[in-house]
Amino acid sequence: GRRQAAELFGSLSRSQVSEIKQLARNPPDSIRRTLIAAWLLLHSDRFKGRQSVQFDDSKDWPKLQRMLGEDNFVASVLAFDASRLAAVPQVSTHVASAYLGLRCADEKLLDGDSGFEVFATPSATAGSCGQQKPAVDGRRPSKPGFSRCASQAYLPSATTLRALSSAARLRRSESRLKPPLEVEMVKRASEPCGILLQWMQRLVVETLEYRRLHALLQPAEAELQAAERRQRTAEAEASEAEHALASIRLQAAVREQCCTPWAAVQEQGRQERGHVPPEEARKPEGLGRAPSQLPRVTSPTSTPRTPTRTPRLAQVPLKTPRRLVHTPSNLPPVQTLQAASGRHPERVPFASLRAAKQEAKIATPACKIELDVTGSLSSIRQRLARLGISFSKNKSEVTESDSAQLQALGKIKALLGEHRGRLKLRLQGHCEPGERQGADAERSRAVARWLQEAAGTPAGLLRVEGMATSADLGRCVVPLAVQELVPLYGPISAEVASFSAPVGLYFEASEARITQETGAILCEMARWLSAEGASACVEGHCDQSEPVDLALERAQAVHDVLVKLGVNPRCLQPKSRAAGCALSRHAAPNRRAEVHLN
C-alpha cells in the first residue's frame, strides 16, 4: 500500500536523491511529468477555490527545481497528509487522468473491482510506436500506440472549455495524447523517480477510493440521521402517551371518589320509594325467587298505608357524570355532598373561608387535590452535583471531540428521561475573570441547545442563567434541580386534558383571568405556602401566538390570588418567561403559570 511505498522512498540513499535533483535540470519527458505530478500533489493547497489545475512551465518549473534542491524534500514526501487532498479534489482528479491514466467520471469511479480503469499502454496495443493496427470491419484504425477511449470520461464540459484559454486548451489536448506514466517505464529512466511514481500512484488511488466510499456512505448517513430524528420523535410521543395515561388514571380515581356520595344518595332514594330492605333491594329478580314471591310493602296491621313523601333530592334521578375532566358544568354542590355524608351545612364553620373565596372569585374545589415538590430529593441533587460541564477558555460551544462534555451531557439526558417531564433543571453558566462578557450565559444556552436538539428535551424543562464569576467555579455549567410546587392530581379543563398535559395552573387563550380549575388548585397551594412559610417565584408563560406581556399578567394574577388567600406578599415574586419555555407543541399546555420555591 501507500505506507510500504513511502517506506521504500524513505530508504533512498543520498546518491539516489542527488540523481533526482540532477535530472531536474534537463529531464526526459517521463521524468519531467513524474516530477510535475509530484509537485502538484505536494502543493495542492494553492489550488483551493480554483476549478482547473494548471502547471505553468515558466513560473512553476523553477519552483519545482527549488523544491528538489531542498534538504527536506524526502521528509516532506514522507510527512505529507493525504487528508489535504480532500479539500481540493480537482488536484487528485487531474493527476489521475492526465498523468496516471486513471479514469473517473463525475467524481464516481467506474471499474467494478478496484473502481478504476487504466489507459492502455503502447506495449499493450502495438508492437512499437510506429506501427498501426489494420482496419477492422471497415473502421479507421486508432492512433498509433493507443486504444480508443470509448467513454471519453475526462473530456472537459462545454462550460469548462469556454472558461479555458486557447493555449490551455492546446496544452490539455497535447497532454491527452501522451501515454500514462508507468512505474517500469519510469524506472528504466531513473529508479528513484520510479519509486516516487509508485508512491504517487498509491496516494492517488487511496484518495479516489476514499472519495468513492464517502459518496456511497452519504445516503446511509442521511438515512441514519433521519432515523435518529424519528426515534427522538417516537420517544417524545411515547412519553406524552405515558403522561396522558397516568393523568387519565388519576382523574378516574378522583372522579370515582367524587361520585361516591351521588351513588349513596341514589341508593337511599330507591330504598325510600320502595320500602325494600337494602339486602333485598340489591338482589335482582330471577335469582333464587320468582316475581310473585317478592315481599309486599304493608304496615304491621295489614292496612293500606299512605306512602311517605319522598325527599326532593331523591325525586330527581341522578346520573354519574361521564366526563373524566373537572369542568364547571359537572361540579356537585357542596351542600349535596354534605347531606349525603350525614353532615348539616350549618354545622361546618366555613363562613370566613367561603367569603375569601368569593372575594377572589374562586369556586370551592369539589375533588381532592394533592400537592408535591419536585426536585427536592437529595439523591437528585447529589447526582447533579457530579455532572458539571467544563469549557475551554473563551469557548462557549459544545464540541463533539470533548469526551468529558458528552459524557456529562449523556448522564443529564438519562436523568431527565427517568423523571419523564416532572423534573426541571436550572443551567447556571460560570466564567473566570478576564473572559469576555456574556460567556457564562452563552455556555448555558449551548448546553440547553444540545439537550433540546440531541436529547429531545422540551424547552420548558430548562432554565438558563448566567452567574458570571460570583460562585468562583471556573469555566463550567452547573445543572441544579428546580424545586416546583405542583399538583399531583386535581381539576383540569377539558381543552388542556385533550392534549395529555398534567394537572397545573392553566389559562384560557389570550386571557389572564383565573379559571375555576386553577383557582381550586391555588386554594391548596395557598394553604401549603402559609403553613410552610416558604418563599416562591411565580413564573408566567404564554404561547408564541399571544402577546409577550400576557405572561407577566398571568404571573401577577396568580400572585394576587395567593395574597388574597393569606400568603405573605413578601414571599412571592412574579416573573415573566414569555414564550421561551414551551412544554408542548400545542398552545393550550403553554398558557400556564408555575410556582418555583426559592
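## Burial and overall make-up

A residue is called buried under 20% relative accessible area, exposed over 50%, and partly exposed in between. The model described here is predicted. By that scale Ala468, with a relative accessible area of 34%, is partly exposed.

The protein has 598 residues, of which 38% count as buried. Its secondary structure consists of 22 helices and twelve strands. About 34,200 Å² of the protein is exposed, and carbon and sulfur atoms supply 51% of that area. Among contacts between residues at least 6 apart in sequence, 76% join residues at least 24 apart.

## Helix H3

Helix H3 covers residues 29-42. At 1.5 Å a residue its 14 residues should span 20 Å, and its end C-alpha atoms are 20 Å apart, which agrees.

Twelve of the 14 residues of H3 are buried, so the helix is largely enclosed by the rest of the structure. The buried set includes the aromatic residue Trp39 as well as Arg33, Thr34 and Leu35. Also buried in H3 are Ser30, Ile31, Ile36, Ala37, Ala38, Leu40, Leu41 and Leu42.

## Helix H4

Helix H4 runs over residues 57-69 and has 13 residues. From its first C-alpha to its last it reaches 18 Å, close to the 18 Å expected at 1.5 Å a residue. Its buried residues are Asp60, Trp61, Leu64, Met67 and Leu68. Seen down the axis of H4, these fall within an arc of 115°, so they line one face of the helix.

The face of H4 turned away from the buried side carries the exposed residues Ser58, Lys59 and Arg66. On the buried side, the packing partners are helix H2 (14-23), helix H3 (29-42) and helix H5 (73-78).

## Strand E10 and its partner

Strand E10 (residues 536-541) is mostly covered, with six of its six residues buried. In a regular strand the side chains alternate between the two faces of the sheet. In E10, Ala536, Val538 and Gly540 point one way, while Cys537, Glu539 and His541 point the other way. Residues on both sides of E10 are buried.

E10 is joined by six bridges to strand E11 (residues 572-578), and the two strands run parallel. Within this pairing, Gly540 of E10 stands opposite Ser576 in E11.

## Cysteines

A disulfide is a covalent bond between the sulfur atoms of two cysteines. With a cut-off of 2.5 Å between cysteine sulfur atoms, the count comes to zero disulfides. Cys431 is in no disulfide, and the nearest cysteine sulfur, that of Cys476, is 9.8 Å away. Cys431 is buried, with a relative accessible area of 9%.

## Positive phi in two loops

Ala468 has a phi near 55°, a positive value in a residue other than glycine. This residue is found in the loop between strand E6 (462-466) and strand E7 (476-481). As given at the start, Ala468 is partly exposed at 34% relative accessible area.

Ser510, also not a glycine, has a positive phi near 55°. Ser510 lies in the loop between strand E9 (505-506) and helix H21 (516-532). At 48% relative accessibility, Ser510 counts as partly exposed, because the exposed class begins over 50%.

Note on methods. Residues are numbered from 1 along each chain as its sequence is written. This is a predicted model: local features need pLDDT of at least 70, side-chain atom pairs count only at pLDDT 80 or more; totals for chains, interfaces and linings use all residues. Side-chain values use heavy atoms; hydrogens and water are left out. Helices (H or I, at least four residues) and strands (E, at least two) are DSSP runs, numbered from the N terminus. The expected span of a helix is 1.5 Å times one less than its number of residues. Buried means under 20% relative accessible area, exposed over 50%, partly exposed in between (1.4 Å probe, protein chains only). The arc is that of the directions from the helix axis to the C-beta atoms. Contact means heavy atoms within 4.5 Å. Accessible areas come from the Shrake-Rupley method with a 1.4 Å probe; for residues, only the protein chains shown count as cover. Two strands pair if DSSP finds at least two bridges between them.
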